[in-house]
Amino acid sequence: MPTSSDMTTHTDPALLDALQHQVAVFARRAEQSRLGGVGQARNSMDRAAYLLLNRLDQEGPMGVKALAAGMGIDSSTVTRQVAPLVDSGLVSRATHPEDGRAVVLQLSDRGRSRLEEVRASRRALMALVTEEWSEEERDAFCTLLTRFNSSLATITTPLTPAGPNS
């Protein structure tokens, strides 16, 4: 596997400096705005809650271990982040259909409705930020950002496969 010094010798250091600077600026601005959207739902859901609810919506009910593995975070972190979502009725706990001792988390109807409000607000923000971009530019940016995030995930948090009872 190439080392970081091998990679930098084949890429213009000024380009890498510009890239890391733009990523830092993006991270700061994303945190400042929380990329929370526009309108009434703006900044109404923190990043952790949004990502957890989104994963449950996309992948369906699952155990804490599977949720943690899929997100590349620790099970204790998921447990801590899910607790207020359960308390507020956005997520419900149910008995695992194949193992009555295990618990699965699932998006409640209230959670699904709330998630859609936040998604709509965030879509509006993305439309506003990229209103002068062509559809091809939006698509290219999304493709490259997805690739960037995937590459970053592979070098920062190797995911562990979830077991059958997760």
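**A first look around the helices**

Visitor: In which helix is L152 found?

Guide: This is a predicted model, where local features need pLDDT of at least 70 and side-chain atom pairs count only at pLDDT 80 or more, while totals for chains, interfaces and linings use all residues. Residues are numbered from 1 along each chain as its sequence is written, and side-chain values use heavy atoms, without hydrogens or water. Look for L152 in helix 7.

Visitor: Is L152 buried or exposed?

Guide: Buried means under 20% relative accessible area, exposed over 50%, and partly exposed in between (1.4 Å probe, protein chains only). L152 has a relative accessible area of 37%, so L152 is partly exposed.

Visitor: How many of the protein's residues count as buried?

Guide: The protein has 166 residues in total. The share of them that counts as buried is 26%.

Visitor: What is the order of helices and strands along the protein?

Guide: There are seven helices and two strands to place (DSSP runs of H or I, at least four residues, and of E, at least two, numbered from the N terminus). Starting at the N terminus, the order is α-α-α-α-α-β-β-α-α.

Visitor: How are helix 3 and helix 5 oriented to each other?

Guide: Helix 3 spans residues 47-59 and helix 5 spans residues 75-87; their axes (lines fitted to C-alpha atoms over the stretch in contact) lie 10 Å apart. The packing angle, on a scale from 0 to 180 degrees between N-to-C directions, is about 90°. Angles of 65 to 115 degrees count as roughly perpendicular, so helix 3 and helix 5 are roughly perpendicular.

Terms used: Parallel < 35°, antiparallel > 145°, perpendicular 65-115°, else oblique.
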